[in-house]
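This report looks at how two chains meet and at the sheet that they build together. Please keep the sequence and the structure in view while reading.

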There are 2 protein chains.
Amino acid sequence: METEISKLGEFGLIDHLTKGIELKNPSSHRGIGDDAAVLKYPDTDVLVTTDLLLEGVHFDLTYVPLKHLGYKSAVVNFSDIYAMNGTPRQIVVSLGISSRFTVEHMEAFYDGLRLACEIYGVDLVGGDTSASRQGLVISITCIGDVEKDKAVFRNGAKDTDLICVSGDLGAAYMGLQLLEREKAASAGKPDFEPDFAGKEYLVERQLKPEARKDIIAELAKAGIKPTSMMDVSDGLSSELLHICKESDCGCRVYEDRTPIDYQTAVMAEELNMNLVTAAMNGGEDYELLFTVPLTDHEKVEKLPGIKVIGYITKPDLGCAMVTRDGQEMPLRAQGWNSLA
Amino acid sequence: METEISKLGEFGLIDHLTKGIELKNPSSHRGIGDDAAVLKYPDTDVLVTTDLLLEGVHFDLTYVPLKHLGYKSAVVNFSDIYAMNGTPRQIVVSLGISSRFTVEHMEAFYDGLRLACEIYGVDLVGGDTSASRQGLVISITCIGDVEKDKAVFRNGAKDTDLICVSGDLGAAYMGLQLLEREKAASAGKPDFEPDFAGKEYLVERQLKPEARKDIIAELAKAGIKPTSMMDVSDGLSSELLHICKESDCGCRVYEDRTPIDYQTAVMAEELNMNLVTAAMNGGEDYELLFTVPLTDHEKVEKLPGIKVIGYITKPDLGCAMVTRDGQEMPLRAQGWNSLA
């Protein structure tokens, strides 16, 4: 039994979806239900980030379950707040909903959203809901906090700093390729069963990414303050170029130091794709890329799940990857760019 | 000469549009160019509101110039912050842009956005830009401040409070009817010149609304703190019902006290539409609706541009309009509801 959204109307739908939502952060003073939410941030700096996700551009509902989409929509925003060395605290969620969606669809989306909020300790404090003639439109703004003057920017990397990255790269991109392949294979076959055996990690990285809250905590515990940081959403190459441009420096990263999961490598082989390109330019990894002073070398080497992949240079040396055979390949931003 | 957006790409377009943007508010610590903006609000409460505007649902580019659309997109958010008794300080702007838009189109949109920011003293501190397969998508989140514990909510109205509204009502709705009429008349006539003579105010109210910054300042100056407040975006009836529901009270408003501009009345006559319905349910007025204690009667009567239109009652009396002939008509939310 599916319920048409028109039965509830805009206000009814919002009431239904946000029923029972409680505010847990001390900074969340007032949430949903007024012209604006009221927050209190007397002792910290405030971080604000926003992400727009559009059906047909950022996601394909043929293979993305709405609950996963809700989860991912929230998490990609949290990732931006962690990338500033902060903690996400509140989100506001705007949805444009076309007529093919039912109340149950939106419940599934909100289930994912709420789960992400619960796991990451974030409060849903407001939003806007409207009809859309244009498929599903999701716009989330996340507010977070960071100790006064402890935000980490993109522009603080210095010559000789070590370049570090968390987790592994390219898996989400390979997951996308796999999902697209199975979608193509399923065309016209209603009983088609996609085959993800042995590739579960890739599918999970694409459909249900996590933000690296744990890395921020680890760094703080180890007393390491990165000199620059950002999250890897458009691909490592693109992000490295951002850091180097903003910090007015160059870099060298080593192909053989790039962290890649076994499943990613197998999938690249299977699809006859270049593994390094996938890892460097795939995007949607939501790992943290950061630089630390050379003096933190020992500290950072000890941290689990973090790999030193290269170092920062003077600007005139440019940005390059050192390949396994010792050649230098200039880094290029082939990251996902929907407007190019 | 029009420039295709693909020539610049996502990052190039953002750089181009946001070139030369300066931060003017002390609370705007870092703006565009990192994973998140950094704000400082040590001494005030923080307000957050968000609005989603979708082509084909909220605006029709046949008659809405992009510069006006940029202006209006920002102003409707500012209005929500004023409606909390606050001051807007920052916005983040997300845009989904379909392929028919050029760089020049987006420049026009940003011109309007920047003009609104300049006039209202707001800083543009971030956003997200993406391709859209689905027309223009605009999502703006506005952050503002309000003196500690001075935010005005919807739930503070009390029995015997006076109901006040700024400006006049129904003009934006009549402007929309006029623009739609001229659009229909122009169909298939490339040389068609729309006729807005004597109706300029209606067109302006629809295309270039203003937020009532001045009213908030006046109230503060007069030492009046409303017991409840919201902005009139969905129509006066709908907003009154919100306030009464949230405040657990009823209300009486007088038909003959409803502020209506002469042009609105003429247009309603011309279109053979019910004037009171237009004024009560038209929406997009962006005026402020608020309640004050009865003891503030003399103070509020003296303020220019504010009209007392009724009073708050005990909840069991319900919500009604008293017509010119003394009858009571229950208020109904016939406000604009894109999902109903």
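Chain A and chain B bury about 5700 Å² between them, 54% of it on carbon and sulfur atoms, where buried area is the accessible area (1.4 Å probe) that two parts lose on being put together, summed over both. This is a predicted model, in which local features need pLDDT of at least 70 and side-chain atom pairs count only at pLDDT 80 or more, while totals for chains, interfaces and linings use all residues. Residues are numbered from 1 along each chain as its sequence is written, chains are lettered from A and ligands numbered from 1 in the order in which they are written, and side-chain values use heavy atoms, with hydrogens and water left out.

**The interface**

In the interface, 71 residues of chain A are in contact with 73 residues of chain B, contact meaning heavy atoms within 4.5 Å. The rule finds 10 salt bridges across it (a side-chain nitrogen of Lys or Arg within 4 Å of a carboxyl oxygen of Asp or Glu), and Lys40(A) and Asp149(B) meet through their side chains in a salt bridge at 2.9 Å, N to O. On the side of chain A that touches chain B, strand β3 (residues 44-54) of chain A gives the most, with 9 residues; helices (H or I, at least four residues) and strands (E, at least two) are DSSP runs, numbered from the N terminus.

**The shared sheet**

An open sheet of 6 strands runs in the order β5(A)-β4(A)-β6(A)-β3(A)-β2(B)-β1(B), with mixed pairing; two strands pair if DSSP finds at least two bridges between them. Because β5 (123-131) of chain A and β1 (28-30) of chain B stand at the edges with a single partner strand each, one side of each is left without a neighbour in the sheet. The two pairings of β3(A) are set out below.

| Partner of β3(A) | Bridges | Direction | Residues paired |
|---|---|---|---|
| β2(B), residues 37-40 | 4 bridges | antiparallel | Leu47(A) opposite Val38(B) |
| β6(A), residues 137-147 | 11 bridges | antiparallel | Leu52(A) with Ser139(A) |

Helix α2 (residues 66-82) of chain A packs on the sheet, where it touches β3, β4 (87-97) and β6 of chain A, and its direction makes about 35 degrees with that of β6(A). Helix α3 (residues 103-120) of chain A also packs on the sheet, touching β4, β5 and β6 of chain A, with its direction at about 170 degrees to that of β4(A). For these angles, axes are lines fitted to C-alpha atoms, for helices over the stretch in contact, and angles run from 0 to 180 degrees between N-to-C directions.
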